[in-house]
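Here is a set of exercises with worked solutions. Look at the model, try each task, then read on.

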Amino acid sequence: MANLLYGIGINDSPTPVTKKINGKRVWICPIYRYWIGMFGRCYNKSTHNNQPTYKGCIVHEDWYVYSRFKEWVLSQDWKGKQLDKDILFVGNKLYSADTCVFVNKLTNSFITENSKARGNFKIGVFHNGIDYLAFCRDPFKRYKNYLGTFKTEEEAHEAWLSKKLEYAYEVVELESDVRVKEAVINRYKNYNKKPDNI
């Protein structure tokens with residue numbers, strides 16, 4: 001048997017998952033790319049150093065075997081999409097058939113929050129020394145949309161949240177999975193009910 005991926009992953013594919021010419025890899029099966037990428041996010045220490053949010057993530061034992069993972073992928077709308085583990089369950093650390101979905105790159109980047117760049121204020125809020133300014137990134141045009149100036153941080157944050165929800169309805173129109181549509185909309189409808197976002 002070939003070497004195990006990170007000591008646990010079993011590549012049982014009856015056909016090659018990569019192609020090499022003169023020792024250089026020129027092709028890799030896209031499903032195999034998802035599989036090794038998932039293991040890398042969970043078990044590669046250098047990934048954890050660069051992206052600490054992946055620390056503590058694990059792959060369900062059903063997906064240790066490549067053919068089982070592939071079978072699940074082929075039952076999904078997966079082509080050209082990204083494998084996501086925490087859209088359905090915010091904060092989820094388990095890659096499994098019950099927790100993962102495939103989403104468009106736009107949707108994945110839309111829900112990603114860069115808390116390090118945010119500073120000390122609530123998301124979407126900047127302070128100019130006098131007032132609070134609200135901005136929300138347009139996911140389609142990829143620029144920060146100025147929403148106005150407010151007297152309180154809370155008012156500015158609410159302006160951001162209102163615009164974010166408006167964009168969310170547009171973003172999910174590109175998704176085929178109803179679960180993804182509902183999860184993204186509910187994320188912003190219930191945003192301030194979650195203590196980790198306060």
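**Exercise 1: A residue at the start**

In which segment is the place of Y6?

Solution. Y6 sits in the segment before strand 1. The model is predicted, so keep that in mind throughout. Next, check the backbone. Phi of Y6 is near 50 degrees, a positive value in a residue other than glycine. Most residues other than glycine have a negative phi. Last, check the cover. Y6 has a relative accessible area of 37%. Buried would need under 20%, and exposed over 50%. Therefore Y6 counts as partly exposed.

**Exercise 2: The chain as a whole**

Describe the overall make-up of the chain.

Solution. Start with the elements. The chain has 7 helices and 9 strands. Then take the extent. The C-alpha trace spans about 65 × 35 × 35 Å along its principal axes. Now turn to cover. The chain has 198 residues, and 39% of them are buried. The exposed area of the chain is about 11900 Å², with 51% supplied by carbon and sulfur atoms. Finally, look at contacts between residues at least 6 apart in sequence. Of these, 55% join residues at least 24 apart.

**Exercise 3: Strand 1 and the loop after it**

Place I21 and N22, and decide how each is covered.

Solution. Take I21 first. I21 belongs to strand 1, residues 18-21. Its relative accessible area is 47%, so I21 is partly exposed. I21 also joins V26 and W27 in a nonpolar surface patch of about 280 Å².

Now take N22. N22 lies in the loop between strand 1 and strand 2 (24-28). N22 reaches 82% relative accessibility, so it counts as exposed. Its phi is about 55 degrees, which is positive although N22 is not a glycine.

**Exercise 4: Charges**

How far apart are the mean positions of the positive and negative charges of the chain?

Solution. Count the charges by sign. The chain has 31 positive and 22 negative charges. Their mean positions are 9 Å apart.

Next, look for a local cluster on the surface. K105, R137, R142 and K144 gather there in a patch of positive charge. Pick R142 from this group. R142 is in the loop between strand 8 (132-137) and strand 9 (144-150). At a relative accessible area of 67%, R142 is exposed, because the cut-off for exposed is over 50%.

**Exercise 5: A salt-bridge network**

Which residues are joined into one network by salt bridges that share partners?

Solution. Begin with the principle. Side chains of opposite charge can pair when their charged atoms come close. The whole structure holds 7 salt bridges.

Step one is the pair K81 and D77. Their side chains meet in a salt bridge of 2.9 Å, N to O. D77 is partly exposed, with a relative accessible area of 41%. K81 is at 9% relative accessibility, so K81 counts as buried.

Step two is the pair E175 and K81. These two also form a salt bridge, with the closest N and O atoms 4.0 Å apart. This pair links distant parts of the chain, 94 residues apart. E175 is in the loop between helix 6 (153-171) and helix 7 (178-189). K81 is in the loop between helix 3 and strand 4 (82-84). Both E175 and K81 are buried.

Step three is another pair, K122 and E154. Their salt bridge has its closest N and O atoms 2.7 Å apart. This pair, too, links distant parts of the chain, 32 residues apart. K122 is in the loop between helix 5 (115-118) and strand 7 (125-127), while E154 is in helix 6. K122 has 19% relative accessibility and counts as buried. E154 has 36% and counts as partly exposed.

Step four is the answer. Salt bridges with shared partners join D77, K81 and E175 into one network.

**Exercise 6: Helix 3**

Is L74 buried or exposed?

Solution. Locate the residue. L74 lies in helix 3, residues 66-74. Its relative accessibility is 52%, so L74 counts as exposed. Then compare places. L74 and N50 are 24 residues apart along the chain. Their C-alpha atoms are separated by 31 Å.

Methods: Residues numbered from 1 in each chain as written. Predicted model: local features only at pLDDT ≥ 70, side-chain atom pairs only at ≥ 80, totals over all residues. Heavy atoms only, no water. Patch = residues over 30% accessible without salt bridge, like charges linked within 9 Å, V, L, I, M, F, W, Y side chains within 5 Å. Areas by Shrake-Rupley, 256 points an atom, 1.4 Å probe, with all protein chains shown as cover. Lys, Arg positive; Asp, Glu negative; His and termini not counted. Charge placed at Lys NZ, Arg CZ, Asp CG, Glu CD. Helix = DSSP H or I, 4+ residues; strand = E, 2+ residues; numbered from the N terminus. Buried < 20%, exposed > 50% of the residue type's maximum accessible area, 1.4 Å probe, protein only. Contact = heavy atoms within 4.5 Å.
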